[in-house]
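Me: Could you take a close look at the charged side chains in this one? I'd like to hear how they pair up and where charge is left unpaired.

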Amino acid sequence: MRSTRARALAASAIFGMVGGSLAMTGTAQAAVMLSGSLVDVAGNYVEGQVTVLGPDGQFVTTQAVTGGSFDIPVEDGTYKLEFDPASSEFASEYYRDKADLATADVVTVAGAAQTLPAWTIDRRPNVLGVVRTADGRPVPGAYVAVYDAATGTQVASDYANRDGSFRVGTQAASVKVRFSGYDPRTDDLLAAEWFNDKATLETADAVTPTAAGADLGVVSLGAGGSISGTVTTEAGAPIYRAYVCADLGYCDWTNASGQYLIEGVQTGTSEVSFTDPIGEYVGEYWDNVPLSSTTVDPTPVTVAPGQAVSGINAALAVKPATTPNGTDLSGTVRDEIGGAGVGYRVQVLTTPADPRDASVVAETYSNRVGAYHFDGLDRVGGETEFKVRVVGEAGREDGEFARRTIWAGDKLDYATSTTITAAPRTLDFLQPVAGGISGAVTSEAGGVPESPYASFRDVDGDLAGYGELEADGTYESRDVWAGDYTVSFGAYNHVTEWWKDATFDEATKVTVRPGQMATGISAALSKDVKALERPQVEGDAWVGKTLRVDKGRWNTEGGSKFTYEWLAGSTVVATGDSLKVTKAMLGKKLTARVTNDAGFAQGQAVTATTPKIGYKPKLKVKVTAKRIAMTLKAKPLKAKKVKASVVVYEVKGEKADGELKLKKIGKGVVKKGTGVATLKKALGKGKHQLVFRIKGKGKVGSGDLVEKVKIKR
């Protein structure tokens with residue numbers, strides 16, 4: 001029988017698929033909706049794909065099922081349905097609970113939409129359990145591979161859920177199960193194993209899958225094994241930058257002491273090889289087996305789960321010296337902090353009209369004193385000019401800094417680099433060296449937050465890199481090029497912030513220098529959304545005027561949704577970021593409440609209370625000596641109802657934020673619309689700008705009124 005996908009592809013060549021439904025040519029009836037739901041035996045929704053077939057199995061249409069329900073438009077007719085599950089734990093079947101097309105129930109559509117009874121999808125026989133680290137933490141995404149115990153072939157697989165749980169279905173009568181994954185904190189490879197704590201397929205315990213699920217319990221994965229040793233010359237001198245590989249693990253370069261450490265080595269036996277890409281020493285397998293040997297097998301290295309195997313050493317012979325056939329190009333590679341560039345790739349590229357077509361025509365490694373040479377460039381067909389670069393690398397060992405790719409002429413890219421010819425010449429390179437940034441990301445609530453990060457942006461705002469986070473929340477990066485950066489910190493369900501405790505606009509810059517670490521660049525993140533500067537009501541609380549809300553400044557704003565409420569006491573009287581003050585509000589005092597919905601959490605902040613709502617005061621003044629006569633009106637109030645206290649200020653300039661600088665010079669009282677303010681000191685001759693801070697009584701509004709006066713002497 002052809003698969004659903006094959007039928008779908010065949011049908012799409014005849015008809016047209018539009019939005020998951022069939023678009024037929026010619027006259028068509030109005031489609032009606034065929035609906036239903038897919039559940040397991042416990043009533044939980046099942047996801048996958050429902051395919052509608054004609055009674056003879058011809059493809060009609062198909063629809064992906066999310067949320068466990070489907071609504072498929074079809075024309076009048078008779079149909080059969082096939083379900084393909086999204087998860088291996090469920091079996092494919094035909095409607096309703098049938099094993100094949102021949103026995104499938106026929107669904108008849110005749111002019112009216114219909115909803116089918118719930119379709120229960122059976123689970124395949126399966127195995128289930130939970131994958132955790134040795135210290136009990138879940139291993140999300142752990143890979144669970146199921147093998148037929150009789151044949152040894154893989155028959156099913158799946159990935160563990162976020163909590164480490166898994167369920168894998170299979171039709172095999174007896175299976176063996178293998179587990180692998182990465183430590184969620186360190187991202188280090190864990191030691192793979194077979195059920196139950198076995199190293200190989202042959203020794204693994206067989207399990208019989210059941211419909212309810214054969215429970216394997218908790219599978220604990222320990223740290224991967226490791227292989228370490230030292231590579232020297234036959235005379236015993238350490239060899240720097242030899243390359244050591246384990247065929248059941250990874251590879252590592254030797255450090256300046258000739259030492260290497262291959263981590264994440266899987267359980268079992270590995271062949272370990274030692275090579276010298278620089279080309280000064282002859283490679284071999286452990287233990288003293290030539291790489292080219294066809295008669296002697298390499299000596300295996302056996303690694304148990306979590307085992308650290310040491311002493312896998314090698315002493316390499318010096319390669320016979322060769323005489324270059326002339327030298328077209330030679331020089332040295334050094335870095336900007338004074339070190340020799342050992343084992344860096346030096347590449348010669350062509351110079352086509354379009355730089356994107358440039359290709360590498362020769363490559364070598366700088367040797368262990370930083371020198372390199374090329375011969376035969378004059379024999380590169382059709383090429384007389386070249387570009388040359390030294391390829392940079394990330395920090396080679398713990399504590400080392402990255403080196404940047406550098407081009408001839410100490411340029412940073414192909415376009416600006418110097419062009420050379422094949423004539424014999426010397427070309428030296430000075431590699432830029434990165435600096436670093438380190439610190440820690442913690443939570444104000446205590447401990448290390450989930451999924452923390454530290455990212456760096458350059459002066460243009462472009463992302464320049466991330467810190468590598470450890471399980472304890474500390475991080476460092478040693479591949480940040482010299483310059484100034486802003487550092488942001490974040491974590492799941494925490495507020496993003498910039499160093500130091502600032503928003504992006506106010507972030508303190510971190511200066512990075514070649515070969516140096518900027519340390520202590522840390523943050524304690526908050527789970528709370530909060531205002532760093534309190535919201536404010538802008539405008540005067542006068543009848544007929546409009547008040548507005550300045551939302552203030554918050555610890556998170558990007559992507560937030562802000563909403564506003566106006567309150568009289570604790571009662572919400574209006575919403576929105578502005579409010580028209582009406583006569584009905586006379587005598588009330590208002591506050592505005594701002595809500596910042598950041599998605600993962602929300603916070604609120606309330607403005608200061610406005611003065612009591614009143615009618616707008618209008619002031620006339622007359623200055624004489626040390627007194628200011630005031631006439632105050634507030635329509636529609638009669639004069640006898642106009643009362644207020646007044647504080648007088650003189651404007652002495654502006655602050656940096658644009659606010660007026662005020663100096664208090666006097667005060668007074670208004671009764672029945674008139675009053676006198678007494679000044680501490682007589683105003684000098686000339687023009688003065690005065691602010692009268694009115695605090696109205698009764699129905700008189702409050703606020704600041706500005707008057708300009710001129711004193712004549």
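Reply: Here's a walk through the salt bridges, followed by a charged patch on the surface.

Keep in mind that this is a predicted model. The structure holds 24 salt bridges, and I'll go through a few of them.

Let's start with E89 and R123. Their side chains form a salt bridge, and the closest N and O atoms are 2.8 Å apart. Both ends sit in loops: E89 is in the one between strand 7 (77-85) and strand 8 (93-94), while R123 is in the one between strand 11 (119-120) and strand 12 (126-133), so the contact ties together parts that lie 34 residues apart in sequence. Are the two partners buried or exposed? E89 counts as buried because its relative accessibility is 14%, and the cut-off for buried is under 20%. R123 counts as partly exposed, since its value is 27%. The pair also belongs to a bigger arrangement, as D40, E89, R123 and R167 are linked in a network of salt bridges.

Next up is E533 with R553. This is another salt bridge, with 3.4 Å between the closest N and O atoms. Here the partners are in strands: E533 belongs to strand 49 (residues 531-533) and R553 to strand 52 (residues 553-554), so the bridge links distant parts of the chain, 20 residues apart. E533 is partly exposed because its relative accessibility comes to 43%, and R553 is partly exposed too, with a relative accessible area of 21%.

K551 and E557 make a salt bridge as well, at 3.1 Å from N to O. K551 is partly exposed at 24% relative accessibility, and E557 is partly exposed at 28%.

Now for the unpaired charge. Which residues form the negative surface patch? They are D187, D188, E263, D398, E400, E468, E470 and D472. To be counted in a patch, a residue needs over 30% relative accessible area and no salt bridge, so these acids are not partners in the pairs described above. Take D188 as an example: you'll find it in the loop between strand 16 (175-180) and strand 17 (193-194). D188 has 46% relative accessibility, which means it counts as partly exposed.

Methods: Residues are numbered from 1 along each chain as its sequence is written. This is a predicted model: local features need pLDDT of at least 70, side-chain atom pairs count only at pLDDT 80 or more; totals for chains, interfaces and linings use all residues. Side-chain values use heavy atoms; hydrogens and water are left out. Patches are made of residues with over 30% relative accessible area and no salt bridge: like charges are joined within 9 Å, nonpolar side chains (Val, Leu, Ile, Met, Phe, Trp, Tyr) within 5 Å. Accessible areas come from the Shrake-Rupley method with a 1.4 Å probe; for residues, only the protein chains shown count as cover. A salt bridge is a side-chain nitrogen of Lys or Arg within 4 Å of a carboxyl oxygen of Asp or Glu. Lys and Arg count as positive and Asp and Glu as negative; His and the chain ends are not counted. The place of a charge is taken as NZ of Lys, CZ of Arg, CG of Asp or CD of Glu. Helices (H or I, at least four residues) and strands (E, at least two) are DSSP runs, numbered from the N terminus. Buried means under 20% relative accessible area, exposed over 50%, partly exposed in between (1.4 Å probe, protein chains only).
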